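Reader: I should like to understand how the terms used for a protein model are justified. May I put some questions about them?

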Amino acid sequence: MGLDFSVIPKYLDIVLLGALWTIAITLGAAIVSFFGGILLAVIALYAHPVVRWPFRAFSFLFLGTPLLLQLFLIYFGLVQIGIDVPAFVAGVIGLGLHFAVYNSELFQTSILAVDKGQIEAARTLGLSRMQALRKVVVPQAVRDVIPPIGNNMIALLKDSALVSVIGVSELTLSAQRAIGSTYRPFEFYVLVAAIYYIINLGMEAVLRRVERRIQASK
Amino acid sequence: MDYALMQRVFPFFLEAAWITIVLSVLTAILGLTCAMLGTAARLSRFRMLRFIGATYVSVFRGTPALIQLFILYFGGPQIGIQLDAFEAGVIGLGVNVGAYMTETMRGAIISVDKGQGEAARTLGMSKWQAMRNVILPQAMRLMIRPLGVNLNTLIKSTALVAAISVVELTYTAQRYIGSTYKPFEMFLIAGLLYMIIIYVVGLAVTWADRKARLN
């Protein structure tokens, strides 16, 4: 069985629709992972030990295990405790949490790197501890880690292919559907790889622009 | 928590963990080999080789590892490559991780002070001698830690071969979740086994790093 790329146009709309879903999942999970990462970082650094330790244990477990395994846990775990969410939501939560833990590690380092005098000054001006964190420390910490966070988001795009395994109809799964009726895995997977590659290049270009702006604003 | 069930299925997870270890070791060997070739190509004085090296890194880092596996395993037969799932897993993941390791190695080599190479050349060494005797020994020290990070990622990404039904840890967990409806218990067993593997590898990397720094 040779190669025959002429089967692609007929299924192109399905595949491109899948690509839109991939972008939607990546965006959704990126937002969850960004704010979740900040939240986890603040909890890991400042919360009461009773809260802090369970969260640390959770982070430890999520850092040390594969994403695919975590997706299975979240998808089937939610069903088991009686929450029946659509696969898309389970995928966004799973991907988002996984990368929130990675982002949290970055945020923790950068929060600790913000000059202590900043907090003291904010406190002196009458801000509460929470306000000082939210309005003074976190904004500075976030700016410093945008480049590595951006890299995590590019990694997130590629890992979003995994949610096809729990039945989210994104790019990878839509290719599998097309393959199901054409028996042309090579052609469609290469097409899908090309689409991921293009989205990836786009994200890299955006990230480089943002990096330059941050550099300029310093 | 169903401890009795966990105890009953544990031996099967242990067997699967062994497959994950074998898979990781083979993938790491192939990955390091690809990375050496990739680094040599990227630092070569021939433009063609540099281009090939850069394309390798860009394409394999720019597309999902899962899709690369699928192209190899499901698409391979169409272009005359017949591999069983385990072989496809090792080759697919190895070539993929090799692209990441290429960047690590290249980064370490170019971060060795330029003056070192120039000094060696001034002393009459050829370019290759300077690389082998002066730059590489220093670069080796710099690359152990970041390569350890690559290894850590590699061990976790071996889970992907579950999608082409290699019976390793994640596949086993998935199968038992399906048959017992105890996702949390199964996640815990598989997760702990992964973390033990990663911890031991981490210890080895720290040891190698300290040893390299003492010399």
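Author: The questions below concern the two chains of a predicted model, and each answer sets a value against its criterion.

Reader: How do you know how confident the predictor is in chain A?

Author: The pLDDT, which is the predictor's confidence on a scale from 0 to 100, has a mean of 90 in chain A, and 100% of the residues of chain A reach 70 or more. Among the elements of chain A, helix α1 (residues 8-46) has the highest mean, 93, and helix α5 (residues 116-124) the lowest, 87.

Reader: What makes up the pattern of chain A, and what makes up that of chain B?

Author: Chain A contains eight helices and zero strands, so that its pattern along the sequence reads α-α-α-α-α-α-α-α. Chain B likewise has eight helices and zero strands, and its pattern is α-α-α-α-α-α-α-α. The C-alpha atoms of chain A fill a box of roughly 75 × 45 × 25 Å along the principal axes, while the C-alpha trace of chain B spans about 70 × 45 × 20 Å.

Reader: Why is I71(B) called buried?

Author: A residue is buried if 20 or more other C-beta atoms lie within 10 Å of its own. I71(B) has 24 such neighbours inside 10 Å, and therefore counts as buried. I71(B) lies in helix α3 of chain B. Leaving out residues up to four places away in sequence, I71(B) touches F186(A), Y189(A), V190(A) and A193(A).

Reader: Why is S165(B) called partly exposed?

Author: S165(B) has 14 C-beta neighbours inside 10 Å. A residue is buried at 20 or more and exposed at 12 or fewer, and partly exposed in between; the value of 14 therefore makes S165(B) partly exposed. S165(B) is placed in the loop between α6 and α7 of chain B, and its phi is near 55°, a positive value in a residue other than glycine.

Reader: Is Y181(B) buried or exposed, and how do you know?

Author: Y181(B) has 12 other C-beta atoms within 10 Å. Since the limit for an exposed residue is 12 or fewer, Y181(B) is exposed. Y181(B) is found in the loop between α7 and α8 of chain B. Although Y181(B) is not a glycine, it has a positive phi of about 55°. In chain A, Y183(A), just after α7(A), also takes a positive phi of about 55°.

Reader: How do you know that the span of α7(B) agrees with the expected one?

Author: The expected span is 1.5 Å times one less than the number of residues. For the 12 residues of α7(B) this gives 16 Å, and the end C-alpha atoms are 16 Å apart, so the two agree. Helix α7 (residues 171-182) of chain A also has 12 residues; it reaches 17 Å from its first C-alpha to its last, close to the expected 16 Å.

Reader: What covers the buried residues of each of these helices?

Author: The buried residues of α7(A), among them L171(A), L173(A) and I179(A), are covered by elements that include α1 and α8 (185-217) of chain A together with α3 of chain B. The buried residues of α7(B), including L169(B), Y176(B) and I177(B), pack against α3 (67-80) of chain A together with α1 (3-42) and α8 of chain B.

Reader: What makes two residues count as being in contact, and how many residues of each chain are in contact with the other chain?

Author: Two residues are in contact if their C-beta atoms lie within 7 Å. By this criterion, 31 residues of chain B are in contact with 28 residues of chain A. On the side of chain B that touches chain A, α8(B) gives the most, with eight residues. By class, that side has 22 nonpolar, eight polar and one charged residues.

Reader: Which residues have the most contacts inside the largest nonpolar core?

Author: They are L68(A), Y189(A), L69(B), L160(B) and A190(B), in a core of 118 residues. Apart from its neighbours within four places in sequence, L160(B) is in contact with L68(A), A65(B), L66(B), L69(B) and L93(B). As a general tendency, nonpolar side chains in soluble globular proteins tend to be buried together.

Methods: Residues numbered from 1 in each chain as written. Chains lettered and ligands numbered in written order. Predicted model: local features only at pLDDT ≥ 70, side-chain atom pairs only at ≥ 80, totals over all residues. Helix = DSSP H or I, 4+ residues; strand = E, 2+ residues; numbered from the N terminus. Nonpolar A, V, L, I, M, F, W, Y, C, P; charged D, E, K, R; others polar. Core = buried A, V, L, I, M, F, W, Y, C linked by C-beta atoms within 7 Å.
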